[in-house]
Every structure is written in C-alpha cells, then in structure tokens.
Amino acid sequence: TDAEVSTRKKTFAEVQSERLDQAERTVLIKCPSKINEKKLLQYLSSHGNVKSHFFFENRGISALVEFSEKSSIASLQDAVGIPGASEHHVVPFKSRLFTFTLKNPVSQHVEETPLRLSPQCHIPVKDLIQKLCLADSISSQMYILLNEYQLTEENIKLRFLACSLVRDFTRAYFPDSMVKPFGSSVNTFGKLGSDVDMFLDFRDTGKHATKMKKGPFEMEYQMKRLPSERLATQRILSVIGDCLDNFGPGCANVQKILNARCPLVKFSHQPTGFQCDLSVSNSIAIRSSELLYIYGCLDSRVRALVFTVRCWARVHGLTNSAPGTWITNFSLTMMVMFFLQKRSPPIIPTLDQLKELADEKDKHIIGGYDCSFVSDLRKIKPTKNTETLDVLLGDFFEYFGNFDFRKNSINLRKGKEVNKPESSPLYIWNPFEQDLNISKNVNQPQLEKFIAMARESAWILQKEDKTQQMISKEPWGLAALLIPFGKSNSSRMKNRMKGIGSETIRSLLDSLKLNNANSQQKAVGK
C-alpha cells in the first residue's frame, strides 16, 4: 500500500519522533463491559477531535484513544474524578489512565454491534502450522508467519504510550527527560508479546548549543557531581523505580537490578499489559536499533527470513527467554543479516558500505567507537538479487550447517568471514563495539545443537516431495520445520550429530538437564 511505502521510507528518527508525539496526545480507558462504541466516541469528542482509537482485551475491555490536540487531554482530565477512597486510600497521581463506568447501566436488549478487538499477542504455533499448510509455497508460508507474528500498528501505539506514561513520572524530577523505546519495539523485528525495552534520555536535542555562544559569559548549571556515570545511573534508576513502585498506577512487580552490566528497572505495566525494562540512555543500543531498522526496511525478504529463523529456533529449544548459554535472538538476527550480505549479488549492504554513504549529520562517534552509517534509505541502492525465500531458507540452513565455526567469525562490518580473534565457540562481532563478541554466552554444546538442527532442516527441505505431502495433508515446507524433530526421526538426528565428539553429546545432555533447572531459576536469575 502507499501508506506502507510512505512509512517505510521515513528515517528512523522521523518515525520515532512522530510516534512519541502521537503518544503524548493519547489516553487509555478501562471501559465498562457493555460499552457502546458510538456513545463513547460521542462523549470523548466533546473534549476535542478523536484522531484514532482501538479496543483491546486486557482483564476486561480497554480503549486507546488518540486526540488531535494535546489540550483535549487536559479538558478530559478536568472532568474526571478521584476514586472514592472508601476501602482503599489512593495516591492522588493524575495520569492519562482512566476507568469509565456507566452511570445508568441499562439492561440492553438491543443487539449491540460487537466491538472489533485488536489482538495483542500472536497465535500459538500449532494454529500457525495449520495456516502454513494451506499456503502454496515456502515463500508464502514465511510471509504468513511474518504477518501473524509482527507488531501491529495498534501494538506499536500501545508500546509508545507505555513509554510516554513512564515519562510523565520522570518529568517530575527531570523536566526535559524523554522515555523512548529501543530494541525490538522499534527495529521492525519485534514480535507480538515481546517485552518493551525503554530508556531514559536526558539529552537536550542541541537546542542550547546555539544560544550558549551569545553573551560574554561561559554559563553552566550547578549540578550534583558523582564519581562515576554508573553511580549516577544507579541513583537515578533507584529513585525512578521507587517512584513507579509507590505512585505509578498499574506498575507492579517493580524490581531494581542496579548491579547488572547495564543497570535497569523491570516492572509490569498492567494497563497496557507489557513487561517493561527501563534503563538509562545507551547510545550504542539505539544505533543497533536503527541499523536493524534500515536492514528491515530495505527488502521484505529480510524480515520474513529473520522471523522464520527465530520461530524455528524457539520451537527447537535453541533460544530461551531465560538468560543462559543459548543463542539469543539478537545473535540469530545478526547471523541472518550476515548470510544476506554474503549472497551473490548481496541482498543487503555491509555496515562499511552504509558508513561510506553517511554524510555529516550521520556522523556518530560514541565512546571512541565509530557508529556512523547513512540514515536516508533513499541513498541505498536496491539489490539486484531476485532469489526466492524458498531458496534462501534452504541455503541459510545449508550455509550455517557447514560453517567453519572453529576457525571463522561473523563480521557484519566487512560482510565476510574473518579469523576468530579468540576461542569462543561462536564469535559474532558487535557491529559497533568492535572488541566485543555479542554471542560470548554461547557454549559448545549449544552451538552444536544449532548446527545439527540446521543440517536436519536443510535435509528435510531438500528431500521433500511437496505435492505428495499436500495431497496426503502432511505438514510440508516451513510447517515441517516447526514440529520438534526428536518425535519421529531420532535415528536420523544421531547421524546429524556424527563427527560431533561424544564428550560433547554428554555435555549437551548435561546442558539439557541444566536447562530444566535454569527455567525454574528463571525468575531468580534475571
């Protein structure tokens, strides 16, 4: 669609600021169960023009309502009362979260037009597999999966609203602060149901720089000085965490994890239904989000392949939401990007090529690392590669099933295999912090499990007789890859493991036992 193209061509920064602005004009309403959409909109319109709205299910029915003007929210807030504090005492914080109940609930005999509820989570894999079997090619199967799993317009609005509501709190202390989402919420690779990573940003967007040049004085604020940036971050997050815990409507299970490599506050935001992680501005993480955004916008095959590989990895227990020795989704995504850079001709450019295209405003040096790359998508030449996703999926498994992980590492800057700088089983260069391996956590057994699964998947796709399977209603193509393998063909799996030392198989079994112990520790370990 045209709308799709016009949103796709915007730069990352443009999309972000539009969404943040939209969120500032938005409220969230818990509705009565017998809500009449027309009546609700009619009432809300008395406070100003309603630009968009949708309903979703979250312990009852909720509505997200976006006004055209921010002033409409103040007008609505003036009309809203504080809850009667008969059994509970309330913290009198006036937010943009409201509960509407009907004054005179009429027994409605009139058949209401049912509300259209916007789904906020994806369908279970078993339902997905049934849908996939009806498709006519692996390529269309992959687009079906993408459509079922990717973030919807409504879900993205809800994510930005969650950030905006947290920002209302941080502003009490830091009036200029912004709370922005990063990672999967904004990089085009987020799946429905994933957490919202958000960060607190204090950077004034260069608006002071010009004013400071005028006048005869060097002028600066007196501020509290602390021995390290880390300590400042910990103190700020500690206070904001307490604030959300004590006063934040709908903020529950607030955990302050201040000694992590990247200090953060975890909480569940009940009104939107999201699990949130709040940290303090991390410029490199934002550059990574933008890099993936660019790759995701360049060619529709990129996202289809990433979503497919991640779903496949999850089904076969190669990834796990608990931290551990598993491959992460971020590492998998980088492996897919690398594979697409290696096609002939390449489907996406290398990071060095994107850096070549950067102009002055794209220059970013962060902590001594060069994080520059082009932000204007129009400057990047579209690929001449016309391979189908059917070919790409099979070749992805083939490529990594036979990759020389012992010797080579994966480098997205160069788009080629380079000798490993150190002996981690899987070495993927951090695209920006060039001395870091983003997959340092992965151990040998997990890598070998990945290789075995990739080989098995390549084999299944090669030997497949699609027509026969479609006639006999068996899962075929991608559907066949999303069914755990051990069920029917464990003897074949043993062959895939050939050449993989028996001591590794023993440690693989140990790691599986560990997995079970770990998943019980999940809550503690995070």
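**View 1. N253, an exposed residue with a positive phi.** At 59% relative accessibility, N253 counts as exposed in this predicted model, the cut-off for exposed being over 50%. N253 sits in strand β7, which covers residues 251–257. Its backbone is worth a look: phi is positive, about 50°, although N253 is not a glycine.

**View 2. T188, a positive phi in a loop.** T188 is another non-glycine residue to check on a Ramachandran plot, with a positive phi of about 75°. You'll find T188 in the loop that runs between β5 (178–182) and β6 (196–201). Relative accessibility for T188 comes to 13%, so this residue counts as buried.

**View 3. The whole chain, for orientation.** Zoom out for a moment and there are 19 helices and 13 strands to find your way around. The chain has 526 residues, and 48% of them count as buried. Take the contacts between residues at least 6 apart in sequence: 68% of those join residues at least 24 apart.

**View 4. Helices α14 and α15, an oblique pair.** Here α14 (residues 389–401) packs against α15 (residues 444–463) at an angle of about 140°, and the axes are 8 Å apart. That angle makes α14 oblique to α15. If you like to keep track of handedness, the crossing of α14 and α15 is left-handed. On the α14 side, the contact is made by L393, G394, F397, E398, F400 and G401. From α15 come F450, I451, A454, R455, S457, A458, L461 and Q462. Sorted by class, the residues of this α14 and α15 contact are eight nonpolar, four polar and two charged.

**View 5. Helix α14 again, now with α6.** Swing over to α6 (residues 138–149), which packs with α14 at an angle of about 85°, with axes 7 Å apart. The two helices, α6 and α14, are therefore roughly perpendicular to each other. I138, S139, M142 and Y143 of α6 meet L389, D390 and L393 of α14. The class count for the contact of α6 with α14 is five nonpolar, one polar and one charged. Keep an eye on L393 of α14: it belongs to the contact with α6, and it is also part of the contact with α15.

**View 6. F485, a buried loop residue and its neighbours.** F485 lies in the loop between α17 (478–481) and α18 (490–496). Is F485 buried or exposed? With 5% relative accessibility, F485 counts as buried. Leaving aside residues up to four places away in sequence, F485 touches W312, H316, M453, E456, S457, I460 and A480. Take S457 from that list: F485 and S457 are 28 residues apart in sequence, and their C-alpha atoms are 9.1 Å apart in space. S457 is also one of the α15 residues in the contact with α14.

**View 7. Helices α11 and α12, with a right-handed crossing.** Helix α11 (residues 300–315) and helix α12 (residues 329–341) pack at an angle of about 135°, and their axes are 10 Å apart. That leaves α11 and α12 oblique to each other, and their crossing is right-handed. The α11 residues in the contact are V302, L305, V306, V309, R310 and A313. Their partners in α12 are N329, L332, T333, V336, M337, F339 and L340. By class, the contact of α11 with α12 splits into 10 nonpolar, two polar and one charged.

**View 8. W326, in the loop between α11 and α12.** Follow the chain from α11 towards α12 and you reach W326 in the loop between them. W326 is buried, with a relative accessible area of 3%. Which residue does W326 approach across 121 residues of sequence? The partner is L447, and the C-alpha to C-alpha distance from W326 to L447 is 8.3 Å.

**View 9. The cis peptide bond at S344 and P345.** The peptide bond joining S344 and P345 is cis, with omega about -10°. P345 is in the loop between α12 and α13 (351–356).

**View 10. Cysteines without a disulfide.** How many disulfides does the structure hold? Zero. For C243, the closest cysteine sulfur is in C251, 9.3 Å away, which is too far for a bond; a disulfide would need the sulfur atoms within 2.5 Å. C243 is buried, at 7% relative accessible area. C371 is buried too, with a relative accessible area of 0%.

Technical notes. Residues numbered from 1 in each chain as written. Predicted model: local features only at pLDDT ≥ 70, side-chain atom pairs only at ≥ 80, totals over all residues. Heavy atoms only, no water. Axes fitted to C-alpha atoms, helices over the stretch in contact; angles between N-to-C directions. Helix = DSSP H or I, 4+ residues; strand = E, 2+ residues; numbered from the N terminus. Parallel < 35°, antiparallel > 145°, perpendicular 65-115°, else oblique. Left-handed = near helix turned anticlockwise from the far one by under 90°. Contact = heavy atoms within 4.5 Å. Nonpolar A, V, L, I, M, F, W, Y, C, P; charged D, E, K, R; others polar. Buried < 20%, exposed > 50% of the residue type's maximum accessible area, 1.4 Å probe, protein only.
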